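Here are some questions on strand pairing and chain contact. Each answer ends on what was asked.

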Amino acid sequence: MTTSQSVFEAGEHITLAFELSTPTTVSLVCHSAYGTTIVTPNYDLADALFTLPENTSTKKGILDFKLISKGTSLYNGSINIIANTKNKTSLESYIGPPSISAGTHDYTMLVVVPTDSYDNPIANNTPVSIKHQFLDDQKEASIKTNDLMAWKTIHSDKKSGRILVSSTVNAVSSKEFAVEVFPSQPTNFTIDYHRKHTYADGNQITTFTTSVIKDTYGNTISDGTLVDFTIKNQNNSLLKTQGMSINGVATAFMLHPDHEEIWNVSAHINGMATSNTITINYKAVTEKLPVHFSNANRRISIGPLQSFMEQLIPDGAIVKLTITKNEQILETKLKTTANGMVSFDLEKGFYPPGTYSFIIEALGLTSIHSNIKL
Amino acid sequence: MPIKTNKYLISALILGITLHGVSLFFTLETTYDALIHLCFAEHYASHWFEPWNYKWYTGFTVTGYPPLVHQSIALFSLIGGLKFGLFTVAFIAILLFITGVYRFSLLFTGDRKVAGYAAIAAVFSSSFVETLHVFGQLPSIIGISVLMHCLPEIYLWITTKQYKHLLAALSLLAVTITSHHVTPIFGMVFFIFPLLGMALMDICRKNVNSYKEVSFSLFLNTFFKRFKAILLFGISALALIICCILPYWINTKNNPITQVPIPHGSRDNFIEVTSSGLVFFIIPWGILLIVLPYLFYRFYSKRYLFFGLSFSFLTLLGTGGTTPIPKLMLGENAFNILTLDRFTLWASIMALPLFGEFLFRFIEGDLKEALQRKFGSVFHRLLGGFLVSGIIGLFIFSVNLSYFKPSQPQKIDILPILNFLNQDQHDHWRFLPLGFGDQMAWLSAQTNAMTVDGNYHSARRLPELTTRAVERLENSKFRGIEGLGSLQQFLSVPEKYHLKYVFSNDKFYDPILYFCGWQRLRQLENGIMVWEKLNIKPLASILPKDDIPLFQKLLWGIVPVSTLIIVFLLHFKRLWNRVLKINPLPKANYLNYSISYIKFNPQIISFSLGWIMLCIFFLGLGSYKFHLANATQISPQNVIAAYYDALDFKEFERAYSYLNPKSHKTKDQYMLEIAVNDGLLSSYAKLDAIKTKLISQNDSMVKVSVNTFWITPLERIEKEYHHELYKLNNKWFITPSDYDLDLPPDQLFSVNTTKFYNHGRRRITSEQTHHEDVLKQPVLEVLSSKLIQFNNQYSIIGQLQNVDDVPADVVVNASLYNHSNNKLASYNVMHQMKHKLLPKEVTSFRINFEGIAWNKNTDKGPKTFNPNEFTPALITETPVNFDLQCAGNVTNVDLYKSVVLQDVTITDHSINGILFNAGLQEVTIPQLLVSYYNESKQLIWVTHHFLPEGIRQQRKQFFSFKTPNITGLNVLKNTTENTFVNGLPNKALTEKIDIGTKYKSQKQDLIPVKGKGFSYLKIALNNYVGAPN
């Protein structure tokens, strides 16, 4: 072998020369990262010159070769091809996950894969500069590549926001990556309510709001977080409403009850945070349930139902009439008011003459009329 | 004497091409089958020698249908596109049919004039019209037409024993075989056998003076003399049938049709199901019905005796399920596979020569004379007018049948769908069209994307499809429980089929899609809604197929077209001669057997007239009965039925007409009240059954309770209504019900909400999505998961929470394992979960292990339609372990959470309450998700309830449901050990969530109840918004 150089850079023109003692047909079997290939020589006087093909000469790694003549091996050797340092380095970088939560325990990881122009990993311990910016903070760190890549974990801070990350190798820069830092778990909060009036008219809407809900580190929780409101009424039933947060405040709605009621309301974010309990009283709108029989008792008119200022109750209040005969319930009729009035007609065809009892319920009030003759 | 061109035949051809050609472009594409043939043709046009097609049914073989017609369309499509090919072949079919009938009639009657009349009759033949313009069965038409061309050659072979005729006959038979497989098989029995009989009869006739003298012994004698010729033909024909479409037979043997039979109208009882009777009996027979006596009289003359028998059998078989005879004759299996309308088609075609003869005798023959002599010429003319108007009327009616009784949805503009599939690699997943009708075949013909559905049901392979009588998933709503059950399986476990996109042309399917966890992507320009499912992997680039040997592929690709070429080579000279009359043709010997029409049997005239009277009588009777059944207001039951029928068909004006006119409800008011109703019942339901019970009554007043049963895509709903009815002027009227007078508090109101948008791919590029554009999968936490045994069924229940900061679409899959960790069953969550979760939202879920319904063909599905019906998977071993695979994906739609639980009242067996919609969207279908807990507040059961009515903004809605009895419920395993979220163990995720801040308060919203087997319950709400704004 006449070539003395044993280390080449990828992409270099690699020619291996051998001096043959006797002119004979030889070939070179090369085994490299690319695979195994046979190279045929150009003869120059007594020398056999082997020019490695480009696909082999651009691959980093150790190349073993064997000079062969008619099936017998004449010479073994190897050369080392290293990454190209002259051309521009190219950079692949990955970051993930793209969103983490605030509070120092969660992190994302940046992986940088700097390669030479032939896609060979560049030499170990090449410095990689990693910069990241978060709020007013801008940090820079230098790490070194090791076996193809360099990587760094970036932990979240206590604040939520957006981390921008970039990296530089051999004056080549990556593009900008963004990592979203979401707020951490919500903490306990307080709730409040607003309503147009204090009466149980079954028509107006009570609005519940939370205080600005913060996470453990004082960040406002993410928009869209669901807050459940649980309402315990006098029957020990649990009613439920919910709201999604905007700027940390969740708003939920509830229709006023249609009868005197006390609500105990609390809110919670499932398994994570809870609120104080507030008590809301709803006053009855009226004490009066006027009932009037006419048309030989076959028409029962209820009303005018009046609200708290003696105005007619808004349309749609439910009036329930239960008709019984001999303590047997014959029928229950439901109607809604129009202009404060409801009337029930009892047709002869369906209610033959006799004695009936009627129970009328509306707005939480009950009026019983026994032994009415039809 | 040189033979003149038959002017009747020429007229028939001109008439045929003109009449059918004019209408063909409006009818063929809306037929049942034409587009399927087109899709097959597209396959041959692009892969001539490859019989495997990936587009339908996760792959199927096209060797399941004889290829000649499809290959011909494919060849023509190379000139002018697929539709050009289709129409060209259709025109060829028309020509072949008319000339075929002419040749068959000529053979049959031996009279060129009569054959000409028959050719004209063929143009107007209503069975031909129906097969072409309504069913679009091109192969069937071409098959029978070529068979008719073949018949004279067979006759000549038997009578003359010249090999050129045998060759000609066999070559034509080969074309028939490669066009349509059923035609030659039954054609052998019903056309060729009687033809042989007739040929023998004619040979006998030569030896005696008249047909009357042909005795049985003579006939038998002749038969043995010609036995060799017959045998030679028979064996060659059989060999052709086997060889020409050998791959078809091999495929049939390897993949026998074991599927559950799909109901077909031609198997109905035509008297019970009058619509089937019309389509499969009245229309194909058409005007032939009134000449039936003449046909039978002529068919049972001695020469035609064998045809007479064959004709009788065909007629009988064509009556389908009206009598049990066809089923007995064919056997259960064949009866359920064959469509029996083809027998009627063949019978009516077989009758054409004799109908031609009848027309000839009526128009210019002895019948005319007899009629004129007996009743005078006016009667003859009137009768003629009646006959001709009948023929033309039926022709027009059957060509335009799809106008009177639309069988297909409106024509869909396919282009936007094709564009969608081609964009952004959407064709890397399978798609499913819903509500497309047979246009799905046209869509498949134009795209490379694949669908799990398909339109050639004999080729179905997935057990989910073959075990049910479901023609297509696409029209599953017409197949009741089985259809929707099948569809539900595909929609619940779409990842199994790589099914990501659904194109919905029918909003009926929207609720089922939503509650199975699908989401709307967008509406295309043609109005088709695209639904997508997240978390579906794309198809692998190499898909499995059932390969067949090379020789079969070559046979399939080469033989059919070769038969066509051979026929052309063999017949070209004679065809040339016949058309242009250059050299006189040798007179075929069947022309010797024409009879002279001298004296028309007067008894037949009287009998026929009587028969016509009878027909008219039955027509009148039918009309009268129809009227009676539709007299809507003669009884309270009738008016209730009519009222609900009108509501069902959204004919509100008709519904209004049944309301008491004295009730002061104006039509405007009524329409308005109807218009503001939305919900499962008013928008997605079909009335299934109605039961009216009189509660109290006197002469003019009735109070009824009406139990209505509605079918919706989600479940069968039973709803009870109460009505009062009054009688006015002998008509019953319904008193209109009161409507909700509730007034919302605010005229205009505002609500602040958070909305989300996901860009998906931020760069406009066809490359893979950049990794930084891929959002992190939201982290879910499974709070609990349990294996439950209840009522001999296993379920997995549990609770999970979206602990991330972004809204998540959630997919949950559970598998059961036995003690040796073998998988027993696997299924996804269907309705019993909120599929879309806001940050920190919790949902309960329940997974039922559904098997493939009616696994065995012997299992009978229920008669009535119940989408709620559930077939538990057959789990023979006791499951001891389970795993749970949950996946979250960022979503930004269907996050409406503004419905609140306004009031709850608990009674012993039921929960009643009021919902209130406080937000800005109208909720179409509210769903209650009820979780049940034991005394130690441990989740033990989950149920769901759909509310039949929607909730408008700021309105209330009442609900009520019965609490279940779950005393026998058994918690087999309670662990989150084998639970994985986005592929990671649940435990690791739980640890990652900051434990320090975790507040344990999950159990504070439980309502205490005294239930059977449970102590607390929780009600959660899931809302389907049909039209988000």
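Q: Which residue in S6(B) does B:Arg520 stand opposite?
A: In this predicted model, local features need pLDDT of at least 70, side-chain atom pairs count only at pLDDT 80 or more, and totals for chains, interfaces and linings use all residues. Residues are numbered from 1 along each chain as its sequence is written, with chains lettered from A and ligands numbered from 1 in the order in which they are written. Strands are DSSP runs of E, at least two residues, numbered from the N terminus. Opposite B:Arg520 in S6(B) stands B:Trp531.

Q: How many bridges pair S5 of chain B with S6 of chain B?
A: Two strands pair if DSSP finds at least two bridges between them. S5 (residues 519-523) and S6 (residues 529-532) of chain B run in the antiparallel sense, and their bridges number 4.

Q: Which residue in the hairpin of S5(B) and S6(B) takes a positive phi?
A: The hairpin has 5 residues between its strands. The phi is near 85 degrees, at B:Gly527.

Q: What is the bridge partner of A:Lys131 in S13(A)?
A: S12 (residues 127-134) of chain A runs antiparallel to S13(A), joined by 8 bridges. A:Lys131 has as its partner A:Glu140.

Q: Why does S13 of chain A lie largely in the open?
A: A residue is buried if 20 or more other C-beta atoms, placed from the backbone, lie within 10 Å of its own. S13 (residues 137-144) of chain A has 8 residues, and it lies largely in the open because the number buried is 0.

Note on methods. A residue is buried if 20 or more other C-beta atoms lie within 10 Å of its own, exposed if 12 or fewer, and partly exposed in between; C-beta atoms are placed from the backbone.
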